[in-house]
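Work through these exercises with the sequence and the model side by side. Try each task before reading its solution.

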Amino acid sequence: MENYTYNSFTLQLEGLNVSKDSVYPVFLFFLFSYLFIMVANVGIAILVFIDKNLHQPMYLLFCNLPVNDIFGNTIMVPRLLIDMLLPPSERIITYYECVIQAFATHMFGTTTHTVLMIMAFDRYVAICNPLRYAAIMTNKMVIKLTVSAWGVAFVLVGILLGLTIRLNRCRTLIMNPYCDNASLFKLSCESVFINNVYGLTFTVVLFTASIGSIVLTYTKITVVCLTSKNKSLNSKALQTCSTHLLMYLIMLLSGLIVITLHRFPQYSDYRKLAAILFHIIPGSLNPLIYGVQSAEICKSLSKLFRSKPVMPLF
């Protein structure tokens, strides 16, 4: 008969299965990736904050992404780096710390979707209704959209974790490099039917709303561009929308890979790596894709460093 430890407040993280020869190269990769994420995203956020020319709805809404990337990676990567240097038996985490990490992890993923949705709305208004853009996208509207993006994510994730923490626990091993909702409710020996139903509903609703809003928005933008003879409008639409769409596709692909690999237990090591890269890849590429491509941000960088003008990449 298997022995169980009920409601233990000390849990053990399984971590990444990395060979001894690969520990330090992988450690350095994650370390430098995290440092780059922090420098690039903090830099972009500060730049938008201090440069009045960037106090426009498009850039203010975009600032939610750097903040979310900083938040999501800080709650996960430093702890992962520490655990990589410890033997498996010493990768200990308290239950409350695990819950906080799981909440932050799901907030990161959900908020990425909701922020990209409100950014799509901004592009829709700017291109499809340019004459009313200033009247619609006021500072008050920007605040409402930002609060909505974070508020919806907070409520959805709060219910998700609330259903999990009500369960009694009879196991102590988190079979993941970091804590998430699935890892937490798998510690229970009770029925997790409600958790599975809500988790599936949560995922379907979020992805349907996210993909649906992006498809609808870009369909309308495409129609406007095809029927318009305004080359300036079409050029602006191509520049800003291609950037937004690329960021969305990177985030969507990263998330779908993790979800798909959950269905194949034999690929658990690949799933763990994909789950970590879901944080790192978008967090690294977002400031590059959006920041360097934007003419306004490039001009602001040029002023800041008082050097030759920084040209957008495309």
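**Exercise 1. Find which element gives the largest share of the lining of the largest pocket, then describe that pocket.**

Solution. Helix α9 gives the largest share, 8 residues. Helices here are DSSP runs (H or I, at least four residues), and strands are E runs of at least two, numbered from the N terminus. The model is predicted, so local features need pLDDT of at least 70 and side-chain atom pairs pLDDT 80 or more, while totals for chains, interfaces and linings use all residues. Residues are numbered from 1 along each chain as its sequence is written, and side-chain values use heavy atoms, without hydrogens and water.

Step 1: take the volume. The largest pocket holds about 990 Å³ of space. A pocket is an open set of points on a 1 Å grid over the protein atoms alone, with protein on both sides within 12 Å along at least five of seven lines; lining residues have an atom within 4 Å of a point.

Step 2: look at the lining. It has 31 residues, and His106, Ala182, Thr203, Ile259 and His262 lie nearest the centre. Two or more lining residues come from each of α5, α8 (181-185), α9 (193-227), α10 and α11.

Step 3: sort the lining by type. There are 13 nonpolar, 14 polar and 4 charged residues. Here Ala, Val, Leu, Ile, Met, Phe, Trp, Tyr, Cys and Pro count as nonpolar, Asp, Glu, Lys and Arg as charged, and the others, Gly among them, as polar.

**Exercise 2. State how many cavities of 30 Å³ or more there are, and which residues line the largest.**

Solution. The count is 2. In a cavity, a 1.4 Å probe fits but cannot get out. Volume is the space filled by probe spheres set on grid points, joined across faces, edges and corners.

Step 1: the largest cavity has about 40 Å³ of space. Its lining is Met58, Leu61, Met119, Asp122, Arg123, Thr240, His244 and Tyr290. Helix α5 gives the largest share, 3 residues.

Step 2: the second largest cavity also has about 40 Å³. Tyr95, Thr164, Leu167, Arg169, Leu184, Phe185 and Ser188 line this one.

**Exercise 3. Describe the salt bridges of Lys272, Arg79 and Arg123.**

Solution. Side chains of opposite charge can pair when their charged atoms come close. A salt bridge puts a side-chain nitrogen of Lys or Arg within 4 Å of a carboxyl oxygen of Asp or Glu. The count is 4.

Step 1: Lys272 pairs with Glu14, at 2.5 Å between the closest N and O atoms. This pair links distant parts of the chain: Lys272 is in helix α11, Glu14 in the loop between β1 (10-13) and α1, 258 residues apart. Lys272 counts as buried because its relative accessibility is 2%. Glu14, at 24%, is partly exposed. (Buried is under 20% relative accessible area, exposed over 50%, partly exposed in between, with a 1.4 Å probe and protein chains only.)

Step 2: Arg79 meets Asp83 at 3.2 Å, N to O. Both are buried. Salt bridges that share partners join Arg79, Asp83 and Glu97 into one network.

Step 3: Arg123 meets Asp122 at 2.7 Å, N to O. Both of these residues are buried.

**Exercise 4. Place Phe36 and Ile281 in their helices.**

Solution. Phe36 is in helix α1 (residues 23-50). Ile281 is in helix α11. Phe36 counts as partly exposed because its relative accessibility is 36%. Ile281, at 32%, is partly exposed too.
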